[in-house]
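Q: Please take a close look at one part of this structure for me. I would like to see how that part fits in with the rest.

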Amino acid sequence: MKGPKSYFPSIEEKYGRPIDEWIDVLRPHAGLKHMEQVEVLKDMGMGHGHANALVHVFRTEHSGA
């Protein structure tokens, strides 16, 4: 696995939730700017790099932009 998705196993392990749940957390925030979405995850305790990778995939594959 390459790119932002390469972080997914460590995101799931570190924060104890599957990626699908994190995508669901972001859904109500679709349409916000990238960094605003990153801040939503950081406010929940996620590190910047993990949040950035997750938001990238959310925006490109889950209509989050």
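A: Start with helix α4 and its neighbours. The buried residues of α4 are covered by elements that include α1 (8-15), α2 (19-26) and α3 (34-43). Keep in mind that this is a predicted model.

Which residues of α4 are buried? They are His50, Ala51, Ala53, Leu54, Val55, Val57 and Phe58.

Now check the length of the helix. α4 covers residues 48-61, which makes 14 residues. At 1.5 Å a residue, α4 should span 20 Å. The C-alpha atoms at its ends are 20 Å apart, so the two values agree. After α4 comes Ser63, and its phi is positive, near 55°.

Next, pick out Leu54, one of the buried residues of α4. What does Leu54 touch, leaving out residues up to four places away in sequence? Its contacts are Phe8, Ile19, Trp22, Ile23, Leu26, Leu41 and Met46.

Leu54 also has a place in the largest nonpolar core. That core has 17 residues. Those that touch the most other members are Ile11, Trp22, Leu41, Met46 and Leu54. Two or more residues come to this core from each of α1, α2, α3 and α4. There is a general pattern to compare with: in soluble globular proteins, nonpolar side chains tend to be buried together.

Follow the contact from Leu54 to Trp22. Is Trp22 buried or exposed? Its relative accessible area is 3%; buried means under 20%, so Trp22 is buried. Trp22 also forms an aromatic pair with Tyr15. The structure holds one such pair. The pair is edge-to-face, with 6.2 Å from centre to centre and 80° between the planes. Arg17 comes in here too. Its charged end sits over the ring of Trp22, 4.7 Å from the ring centre.

Now step back to the whole chain. The chain has four helices and zero strands. From the N terminus on, its elements run α-α-α-α. Of its 65 residues, 32% count as buried. Look at the contacts with a separation of 6 or more: residues 24 or more positions apart account for 50% of them.

Finish with the overall dimensions. The C-alpha trace spans about 25 × 25 × 20 Å along its principal axes. With 65 residues, a compact globule would have a radius of gyration near 11 Å. The chain has 10 Å, so it agrees with that expectation.

Notes:
Residues numbered from 1 in each chain as written. Predicted model: local features only at pLDDT ≥ 70, side-chain atom pairs only at ≥ 80, totals over all residues. Heavy atoms only, no water. Phe/Tyr/Trp six-rings, centres within 6.5 Å; stacked < 30°, edge-to-face > 60°. Buried < 20%, exposed > 50% of the residue type's maximum accessible area, 1.4 Å probe, protein only. Lys NZ or Arg CZ within 6 Å of the ring centre and 35° of its normal. Expected span 1.5 Å × (residues − 1). Contact = heavy atoms within 4.5 Å. Core = buried A, V, L, I, M, F, W, Y, C linked by side-chain atoms within 4.5 Å. Rg over C-alpha atoms; globule rule 2.2 N^0.38 Å.
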